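Colleague: I have a model open and would like to go through it with you before I take it to the bench. Shall we take the overall layout and then the ligand?

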Amino acid sequence: MTRPPYRRKQYWNEPEMGWYERAYLFEILRGLAITGGVFLRNMGKWMTGRKGALTTYYPEETRADYAAGNRGKHVLTQRPDGSPQCVACNMCATVCPAKVIEIDAAFDPDDPAHPKYPSRFEIDYSRCVFCGLCVEACPEDAIRMVKEVPNLPSLDRHGMWLGKDELLTWHPLSDVAKPYPGAPARDKSRGPA
Ligand code: SF4
Ligand code: SF4
């Protein structure tokens, strides 16, 4: 069977090039002039004591302009008694594309409302891609990401693992909008809380 001749795919935004662009060399020179101009301008600023390119010299400097919606470090939310809201269902670990969440589930017979809890909850930030899928998958709103970024620089990969205690307490958050089983029922006859 003979294959049909190969035809290059035509894109909807295919650029229209005149002879000037097709000659190639002029556009290359124009690109080098733009890049060189930016380089020389920044170098001039540095040599005269002003800051040139908007480069943040991490970790000595940290950006102050992270967007409010930036997906940074994870937080495990707490119940009002400080226990993790997580029920160790493993959905976040299952959906994580980088497979960086490790959870050990345990059983607490003294808490019939939440008998299953994570005895170990760890995230390996050396491989996390900050996609936020773990947050999306959680049925309990037990894991969130805030805009602050983890303090990652380390010569030791083990230092990039964050455990349950830090994830729970570094930025304590509780889901106040969620009704908790076992909370005393409010007496409606006493009016709004
Ligand atoms: S942000 Fe993405 S890569 Fe990081 S732990 Fe969550 S699901 Fe995994
Ligand atoms: S953080 Fe959420 S999705 Fe992950 S194990 Fe806990 S309850 Fe399940």
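**Layout and ligand shell**

Modeller: The centres of domain 1 and domain 2, taken over C-alpha atoms, are 45 Å apart. Keep in mind that this is a predicted model.

Colleague: Which residues does the domain assignment give to domain 2?

Modeller: The assignment splits out two domains in the protein chain. Domain 1 covers 20–55, and domain 2 covers 74–169.

Colleague: In what order do the helices and strands run from the N terminus?

Modeller: The protein chain has five helices and five strands. Read from the N terminus, their order is α-α-β-α-β-β-α-β-β-α.

Colleague: Is the protein chain more spread out or less spread out than a compact globule?

Modeller: For 193 residues the globule rule gives 16 Å. The radius of gyration is 27 Å, well over that value, so the protein chain is more spread out than a compact globule. The C-alpha trace spans about 80 × 70 × 45 Å along its principal axes. Compared with a compact globule, then, the protein chain is more spread out.

Colleague: What percentage of the residues is buried?

Modeller: A residue counts as buried if 20 or more other C-beta atoms lie within 10 Å of its own. Of the 193 residues in the protein chain, the buried ones make up 13%.

Colleague: How many nonpolar residues are in the shell around ligand 2?

Modeller: Ligand 2 is surrounded by 13 residues, the closest being C86, C89, M91, C92 and C138. By class, the shell has one charged residue, one polar residue and eleven nonpolar residues.

Definitions and conventions
Residues numbered from 1 in each chain as written. Chains lettered and ligands numbered in written order. Predicted model: local features only at pLDDT ≥ 70, side-chain atom pairs only at ≥ 80, totals over all residues. Helix = DSSP H or I, 4+ residues; strand = E, 2+ residues; numbered from the N terminus. Rg over C-alpha atoms; globule rule 2.2 N^0.38 Å. Buried ≥ 20, exposed ≤ 12 C-beta atoms within 10 Å, placed from the backbone. Near = placed C-beta within 6 Å. Nonpolar A, V, L, I, M, F, W, Y, C, P; charged D, E, K, R; others polar. Domains from an automatic or database assignment.
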